[in-house]
Amino acid sequence: MQLSIFQTVLFFAAAAGVLMMAFAGSAAQAGNSKEIYQRSYYSKKAMRGYEGHAGLDYYCTYKRFPIRKCKWNGRREVCKIVKWELEQTCY
């Protein structure tokens, strides 16, 4: 199968673009030495978390998610919140 010059140039241009994106992503990530961490806490009642700067370089956010237990009562599904998950993300 013979490739035309246009197809060859197009192939190498696409390959070069992929390589440049790969190196640009790793170079940008190399400058950020902070670790992003995420933790989850469970409780029977909804908890609040402090959203803002924690320590010198970290910023933390919190999200609350209800954990439901559902039952079928014959006509429809009835759900009840049994506990809460508080998700902490610091970056």
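## Notebook: E87 and its surroundings

I began with E87, which is buried but has no salt bridge; K63, its nearest side chain of opposite charge, is 4.3 Å away. A salt bridge needs a side-chain nitrogen of Lys or Arg within 4 Å of a carboxyl oxygen of Asp or Glu, so K63 at 4.3 Å does not qualify. I note here that the model is predicted.

**Entry: rest of the E87 site.** I looked up the element and found E87 in strand β4, residues 77–90. Which side chain makes a polar contact with that of E87? I found Q38, at 3.0 Å. I then listed the contacts of E87, leaving out neighbours within four places in sequence: Q38, R39, S40, T61, Y62, K63 and F65. Q38 is thus in the contact list as well as being the polar partner, and K63 is in the list too, though without a salt bridge to E87.

**Entry: the whole chain.** I stepped back to count elements and got one helix and four strands. Their order from the N terminus is α-β-β-β-β. The chain has 91 residues, and 11% of them are buried. I also looked up how far apart in sequence the contacts reach. Of the contacts with a separation of 6 or more, 51% are between residues 24 or more positions apart.

**Entry: aromatic pairs.** How many aromatic pairs does the structure hold? I found two. In one, the ring centres of Y37 and Y58 are 5.7 Å apart and the planes are at 65°, so I logged the pair as edge-to-face. The pair links distant parts of the chain, with Y37 in strand β1 and Y58 in strand β3 (residues 58–72), 21 residues apart. I checked exposure for both residues. Y37 has a relative accessible area of 26% and is partly exposed; Y58, at 25%, is also partly exposed.

The other pair is Y59 with Y91, where the centres are 6.0 Å apart and the planes at 55°, so I logged this one as tilted. Y59 belongs to strand β3 and Y91 to the segment after β4, so the pair ties together parts 32 residues apart in sequence. Y59 is partly exposed at 26% relative accessible area, and Y91 is partly exposed at 38%.

**Entry: S43 and K83.** I placed S43 in strand β1. Is S43 buried or exposed? At 18% relative accessibility, S43 counts as buried, because the limit for buried is under 20%. A polar atom of the S43 side chain lies 2.4 Å from the backbone oxygen of K45. Not counting residues up to four places away in sequence, S43 touches K83 and W84. I followed K83 further and found its charged end over the ring of Y42, 5.6 Å from the ring centre.

**Entry: I67.** Y42 and K83 came up again when I looked at I67, a residue of strand β3. Beyond four places in sequence, I67 touches Y42, K80, I81, V82, K83 and E85. For I67 and E85 I also looked up the C-alpha distance: 7.0 Å, with the two residues 18 apart along the chain. I67 has 24% relative accessibility and counts as partly exposed.

**Entry: M47.** Where is M47 placed? I found M47 in the loop between β1 (37–43) and β2 (52–54). At 31% relative accessibility, M47 counts as partly exposed. With neighbours within four places in sequence left aside, the contacts of M47 are Y41, R64 and L86. The C-alpha atoms of M47 and R64 are separated by 7.6 Å, and these residues are 17 apart along the chain.

**Entry: K71.** I closed with K71, in strand β3. K71 has 60% relative accessibility and so counts as exposed, the cut-off for exposed being over 50%. Not counting residues up to four places away in sequence, K71 touches R76, E77 and V78.

Definitions and conventions: Residues numbered from 1 in each chain as written. Predicted model: local features only at pLDDT ≥ 70, side-chain atom pairs only at ≥ 80, totals over all residues. Heavy atoms only, no water. Helix = DSSP H or I, 4+ residues; strand = E, 2+ residues; numbered from the N terminus. Buried < 20%, exposed > 50% of the residue type's maximum accessible area, 1.4 Å probe, protein only. Lys, Arg positive; Asp, Glu negative; His and termini not counted. Polar contact = N/O pair within 3.5 Å; in protein donor to acceptor, adjacent residues only side chain to side chain. Contact = heavy atoms within 4.5 Å. Phe/Tyr/Trp six-rings, centres within 6.5 Å; stacked < 30°, edge-to-face > 60°. Lys NZ or Arg CZ within 6 Å of the ring centre and 35° of its normal.
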